[in-house]
Structure formats: structure tokens, C-alpha cells
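Visitor: I would like a close look at a single part of this protein. Please start from one side chain and work outward from there.

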Amino acid sequence: MSARGVLLKCDMNSSFDQPDPAIMSMSPRSPAILLNDFFSPEVAAAMIMIRHDSRTLLQVLEDQKLMEAMKQSRLALEGRASFAPLALDDADELGTAKEGEEDYKRRTIQGNESPAGHAGAGGGGGGGGVGPAGVLSGALSLSQEDIVGVLPNEISAPYEVPQFPIEQIEKKLQLQRQLNAKVMEQDRHSIAPEVHPDEQLPFDEHDFVAHFQRVSISGEDTSGVPLDDLERASTLLVKALELREKYMRNSHQAFPQTTARFLKSTHSSTITHQERKSIADHPVNPPQSTQSPWVVEIPEDLNYSIRPVHGVFEVFPTAESTEPLPYQYTRLPDFVQDMQMMCSMIADGPLKSFCYRRLSYLYSKFQLHVLLNELRELASQKAVPHRDFYNIRKVDTHIHAASCMNQKHLLRFIKKTLKNSADEVVTVTKGTPMTLAQVFQSMNLTTYDLTVDMLDVHADRNTFHRFDKFNAKYNPIGESRLREVFLKTDNYLNGKYFANIIKEVASDFEESKYQNAELRLSIYGKSPDEWYKLAKWAIDGNVYSDNIRWLIQIPRLYDIFKTNQLMSSFQQILDNVFKPLFEATNNPSKHPEIHTFLQYVIGFDSVDDESKPENPLFDGDVTPPADWTDVENPPYAYYIYYMYANMTVLNHFRAARGMNTFVLRPHCGEAGPVQHLVCGYLMAENISHGLLLRKVPVLQYLYYLAQIGIAMSPLSNNSLFLNYDRNPFPEYLARGLVVSLSTDDPLQFHYTKEPLMEEYSIAAQVWKLSSCDMCELARNSVLMSGFPHKMKQHWLGPNYTREGVAGNDITRTNVPDIRVAFRYESLLDELANIFKVNNEQKMQYASQQ
């Protein structure tokens, strides 16, 4: 088939994933390769470049004498005739075509018709004299409706004076639409092996390149700062990234592969990369387990000795041993030194300027990307069957179990329980057992009296910057007794009602199918048996769902416990929180409930009011936990360090036994000193809130380079610390920080049955988020969540651990490869910008030695 035949055989409305059989029968190759099969390299290149310079194609086509064939096709369309492409050396047929063209122009001028209107009117002998020559395998035949669809009125303004003949303008736009659509289809199937089974190409993951409009800066110096400042900034930033990588590696927490490659680190990863699979081969929904979730294998006991050393538990082979097992963790003096270095770094003037410029550049770069590629991203999403924002996986990465239901749900549950279990003893007051009916009688209330307003659990304008009032909202009707009865795991009924309402919330998640949550349960550290009671509550109440995982939140309440004489030193909190975990890891058969429950615990959270006054910095000779007997509450960094250090040793111990490990994901940066964010940067895999990053450009840039997950809750912040319109969430998203939306406390902040969708919908309305933005946030939430790796492989694809486009499966995530490629390439650019200068400095220093 000739090149003209291929060009004219293409129907302008056809989909490129269904090319003409007559063409595809000649070559098993993809439509993208057909250009090179039938056109000279110059023409093929011009057709690929049409989206950049449409005139280039016209000029090349004229050079190849193809414009005559295009004019003849136009005449054939006007006459609604079926024809085959002309041989250019047929003089008679060319003459007939020219007569038809003159007749067409005359009728167009006389009738003052637009091309589409004329085509719709029908008639004419414009194509009547065209005869067949160079017959293809099938004739091109377009109906009147097809012509109207191909040539819409919207092509140009009604009174626009064209600079080219009308045929050239229309054909140019048709070809442009055709090639753009082709490129988008190529994007969609760029790395799907099932699209072109005949092509077995040895692609590396870095060979996958999405086709979209890129913004790049040329020139030797693209940083916009003096060379001295750039060298200094790169040295400091690389040092900070090396620190983070060390802390994550020691504690068995995640560190991004891309940044690790630049650091040339050996960050161990037990996850093996897999190739993409179709949904038919690897379903979106994980297989349902038929056995009880509480039936788990119990390893043999080791009977090691567990003892605290300077506030950190260590594992000794025997009770007489003085040398612990070599489970490495960062010692307190090293942490203090690293903390002080990071604090001086965030105050460094040239570094602040550099980071602020880079963040501003990233924000502007994203705006340009949206301007140039928004329609392409939308087209990629439209091309995916079945998948949309509603049926992609979303994880509520920050939500507290005691407030995971909305206020109407809690009201209904209280009324239903009061109606069905009025005579059940629920509490003991001053030694006297009280039934549920008696509790409400003592408050002079009946089920009819109860309303949402009377519950008074919703945050309002009075809670702004008043964390004490916010905490009081956890008490329904202002009664701590009702909180104890309905929202506690440790009460007279052993948390029976709380288990029931959690299971109702879990049922709602299962019904929605695509929503999941990581609920926070509290361990206060008041007594050694808290873990046992919590595990027994979950197992006896069968509080389990595939849509739910647990985080353990540890409130920073030592000062209150000390004031009430519940403990003598800070070491007691650490004993009560961590020793049961070490014992359950050491001898699982002696603590089967805790061992079983820990299979579904993913990490630790640290909670309380961050705005409390404190001294955010301390030095190496700070009082150790066993000697901290003062009433004063230790600072935030003190809590986080001892949580991190104990968790690190525990993770080493559990990993050596083949058990699941934990991560640290504290509340951080909601209020208070910015030094909290330094703690989060060094020791936490992810953080919640992160509002104060907007004030610290150095840390914000480091959170971007290290791709640290941030679970943000704008509705919660709006009621407590920061008005919604001032929330930095849209800036974080634009710059490429790994952010997700979460609800925090639906009981206090949300109104609907699906609080997570409420959070997404309000953010989309206020900040005008696109469908691509929403799907990117949902994908981020799954990536930063603690759900099992195998489950994520079903939700995101078996290949999700790969970098860049190779790790994205749009048929599951609904995130276009264009967006993923943009994020990945932007991160590579920033890292390359820093490490290039740093490596040059190292080479220069080495040459001088």
C-alpha cells in the first residue's frame, strides 16, 4: 500500500486502538510504528511533531506531493462519493478533480456557507467525476453524519479570514486531532504487555516514557542562586538526606528508592519488583480469607531476657548476660547532635533562600504542566473502562477509633442500645452497679429527648485554638460516664458497645468496598495489662475487617499521671507500653492474645496538644527516663526519641523472628514549635498534619526530596488551628509532596455517612481539584498506608513498587501515566540538580588530596 493510501484510509473519527483491518493486516505492529512503515522518516517525524508545529507537516506533505491527494479526498467528501486514492500521474483524473474543486469554491462563495453547513446540506457534483485508481483493499465511504462529525463548526470563528485554503485548514486540524488521539492511546498502552502481544521488547523500567508536553530549563546554571550558595546548599541537603536514610534503615522503615539511588545507599528492601498484570490475571479485589483472622501461627518461645538500658529495651540471650544482641539503634547523644545540626540547617539563610526558590519553581512548573497537559490527562482517564474516582482504593490514613463514626450514627447507636439493653449493668458508681437505663435516669433523659444538638459532640467556632474544649467534645452530652460506656475498650462491659459500633463502621467501609481506614486505638501506659485488655477486646468482640488496620496512639500525658500519683517516673510509661510487646515477641505462646492482635497493628502514633509550651531542644546530658521524676512533662522530642529507639530494637527482634514490623507515624506540625517537624523528618516514616511546614522552606523541601507522606485533615484544622482557605494543602500537592486527605475525627467534624468522601468533595470544591488530582491523592493514601504489600498489589497493581510510570497501572489507580511521569521526572531533576554539584565538589576535593 502506498503512503497516500495509508493516509487516506484513516477515518478521522476512528479510535486508534482499533485501526483499520486492511492496514493492520499488512503489519502486526502497533499504530505508532505504522508511520515509520509507510512514510519517509522526515514525514513520520513531522507527524509526531504536529502538536508542536502544525506547519511543519504541511510543508513536508507539500514536498511529498500529498496535498493533491488531500484535496481530492475533500472533494470526495463533499460529493458523498466512495473512491480510492488517485495516482498523481493520471492527468485526466487530476483535471476532473480540479474542475470539482473550482465548482466547490464557487458554490461556497455564492452560498456563504461554512464547510460543515455545506456538507450537511448535501448535493453537488464536486466529486462526481473522480474515478478509481490505485484501488486499496477497501473503499473509503463516509455518511453525511460522519462528515458533520469530522468537520464541526467550532473549528474557527464564523467570520475568521483564513490564511490558507479552507481544505488545508480543515485537513490540518483533522490530522492534528488524529495524531493527538493516537499519542494519547500510545500513552495509555505504553507499557501494557497485553496490548501488543507480538512485541516482546526487553524494556527496563527507566525506558517507559509518557508522551506529554514537558517544561525544561536549559543552560549551565539552572538553580538561580550564586554558585557558592548552590554548593553549600547541596552539601547540607545531601547530609540531611543521608541522616534520614540512616534512621529509616536502622528502624526497618521505608525510604524512597529514587532518593536512595542518588545516595547510592544499600537500603535493604525485602520487596521484589513484579511486572504489570491485567485485571483478569491479578484482580483488583484481594481474595477473601475463609478462616478466622484470629487463627495465626505461634512461633516457639525463645526465653530471652528483656531489660531496659538507659530507657531503651534490649534483648539479652540469658538473664546473666551483660552483652545484648546486636540490634542497632541511634543513641541519645547521636540523636541530640543530629537534631541540633538539623535545627541549625533550617535557620541557614542561603539554604532557606535556595529551598524557597526551588519550591516556588516546583509550584510554577506544576501550573504550567496543568496548562499544557490537563486535557491529555483527562483523555487518558476517559479511555480507561470502568475505573473512576469512586471505585479506586482510598485509605483514611489518619482517623481515631473513638470518633470514627459521625454524630448521627452515634446518636442512633445510643438510642438503639438504650432500647434493647436498658437493664444491662454498664458501670459502677461509688460501689453501686448501674444499668444503662439508670445512667440515663440519673441525667433525667429518655430516648425521645436525645438529639444531635444535645449530644454536643461537634466542634464549633468555640474550639478554635482551644484544645481543651475540643477534648471535652469526646464526652456525649458532656458526660464522661457516657464516653466510658460507649467509647472505651476498658470498662465494666470490657468495651462491648464500643466493639459493636466499630463493627458497624467497618460494615459501612465494606459496603462502600473501596474505602479503608487506619484506626487509632489508645495505649496510655498507665498499667502493664493494657495491651492484654486491648487484644482481648479485639479478639473476643471479633473486631476485624479487611478494610481496617490499627495504629496505637500513645498520649503524652505523663504530667497528668504524675500529678495523680499513678506513676513515679517516665520509665514506667515506657515499661507499660513496650515491655508487653517484647515479651509477646520473645515468648508468643505465653501471650497468644497480644501476639495475634499485633498481626493487624501497623505502627505507633503520638498524640496530644502540640501547642503546649515546652522547651523544644535538649542536650546530651538530659535526664534519663528512670530519673525523670519531675511533674513537668518531657518535651515532644523526648517522647518521640524513646518511642523510636524502643520501636527500632523491637523491629530488629521481630524481623529476626519473621514477624511483622511497625512504623512511627506521629501527629507532627499541627501547632507548636517547628522542631517537632525535625523529629518527624528524622524518625517518622509518615506524619499527620504537617501544617507548619509552610513556615519552614528547608524542611518542606527535604520532605519533598525524601517523599515523606503527610496525612492532612483540612476540616479538622479549620476547627482547631487554621482556617480552611489558609491551609497549605494545595501548595503541597502542586509542589509534589506526598500528601493524602484524611478525616481525623468524623464525630467532631463531619456530617455524612462517608466522611472521607466528604473530605475529598469539600477539598475539590474549594481548591478546584481535577479528577486527576483526586485520584493522585487516593493513590498516595494507599502508598503511605500500612496495609499489607500483597493487598496493595491488588489495589495498585503487582508492579506498584517500581519507580515512575513503570509502577503505575491506570486501570487500577485511574492516575494517568502523564501525571506519574511528571512527578517522577520533577523529582529526578531536583535530585540531579543537588547531587551533580555535590559530586563535583567531592571529585574536586579528592583531586586536591
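Is aspartate 338 buried or exposed?

Guide: Aspartate 338 counts as buried, because its relative accessibility is 10%, and the cut-off for buried is under 20%. Keep in mind that this is a predicted model.

Start with the partner. Aspartate 338 forms a salt bridge with lysine 246. The closest N and O atoms are 3.5 Å apart. Lysine 246 is partly exposed, with a relative accessible area of 27%. So a buried acid meets a partly exposed base. The two residues come from distant parts of the chain. Aspartate 338 sits in helix 13, residues 332-346. Lysine 246 sits in helix 11, residues 227-250. They are 92 residues apart.

Now step past helix 11. Histidine 252 lies in the loop between helix 11 and helix 12 (257-263). Its backbone deserves a check. Most residues other than glycine have a negative phi. Histidine 252 has a positive phi of about 60°, although it is not a glycine. At 35% relative accessibility, histidine 252 counts as partly exposed.

A second positive phi belongs to lysine 430, again not a glycine, at about 55°. Lysine 430 is found in the loop between strand 4 (425-429) and strand 5 (432-435). Those strands pair in the antiparallel sense over 4 bridges. One pairing there sets threonine 427 against its bridge partner in strand 5, methionine 434. The hairpin has 2 residues between its strands. Lysine 430 is exposed, with a relative accessibility of 84%.

Back to charge pairs. The model holds 23 salt bridges, and the one at aspartate 338 is among them. Another joins lysine 533 and aspartate 490, at 3.7 Å from N to O. This pair also links distant parts of the chain, 43 residues apart. Lysine 533 is in helix 21 (residues 530-540). Aspartate 490 is in the loop between helix 19 (480-486) and helix 20 (496-512). Both ends are open to some degree. Lysine 533 is partly exposed at 36% relative accessibility. Aspartate 490 is partly exposed too, with a relative accessible area of 46%.

A further salt bridge joins aspartate 608 and lysine 612, at 2.7 Å from N to O. Aspartate 608 is buried, with a relative accessible area of 13%. Lysine 612 is partly exposed at 30%. Some salt bridges share partners: Glu377, Asp773, Glu776, Arg819 and Arg823 are joined into one network in this way.

Two members of that network lead to a helix contact. Helix 14 (residues 349-382) packs against helix 32 (residues 771-784). Their axes are 9 Å apart, at an angle of about 85°. The two helices are therefore roughly perpendicular to each other. Helix 14 brings Phe366, Glu377 and Gln381 to the contact. Helix 32 brings Ser771, Cys772, Asp773 and Cys775. The contact residues divide into 3 nonpolar, 2 polar and 2 charged. Glu377 and Asp773 thus appear in the contact and in the salt-bridge network.

Next, the sheet. Five strands form an open sheet in the order 3-6-7-8-9, and the pairing is parallel. Strand 3 (394-400) and strand 9 (663-664) stand at the edges. Each has a single partner strand, so one side of each is left without a neighbour in the sheet. Further in, 6 bridges join strand 7 (residues 548-555) to strand 8 (residues 601-607), which run parallel. Isoleucine 552 stands opposite phenylalanine 604 in strand 8. Helix 31 (residues 755-767) packs on the sheet and touches strand 3 and strand 6 (515-522). The direction of helix 31 makes about 105° with that of strand 3.

Finally, the whole chain. The chain has 35 helices and 13 strands. Of its 849 residues, 54% count as buried. Take the contacts with a separation of 6 or more: residues 24 or more positions apart account for 75% of them. The starting pair is one long-range link, with aspartate 338 and lysine 246 lying 92 residues apart.

Key
Residues numbered from 1 in each chain as written. Predicted model: local features only at pLDDT ≥ 70, side-chain atom pairs only at ≥ 80, totals over all residues. Heavy atoms only, no water. Axes fitted to C-alpha atoms, helices over the stretch in contact; angles between N-to-C directions. Parallel < 35°, antiparallel > 145°, perpendicular 65-115°, else oblique. Contact = heavy atoms within 4.5 Å. Nonpolar A, V, L, I, M, F, W, Y, C, P; charged D, E, K, R; others polar. Salt bridge = Lys/Arg side-chain N within 4 Å of Asp/Glu carboxyl O. Buried < 20%, exposed > 50% of the residue type's maximum accessible area, 1.4 Å probe, protein only. Pairing = 2+ DSSP bridges.
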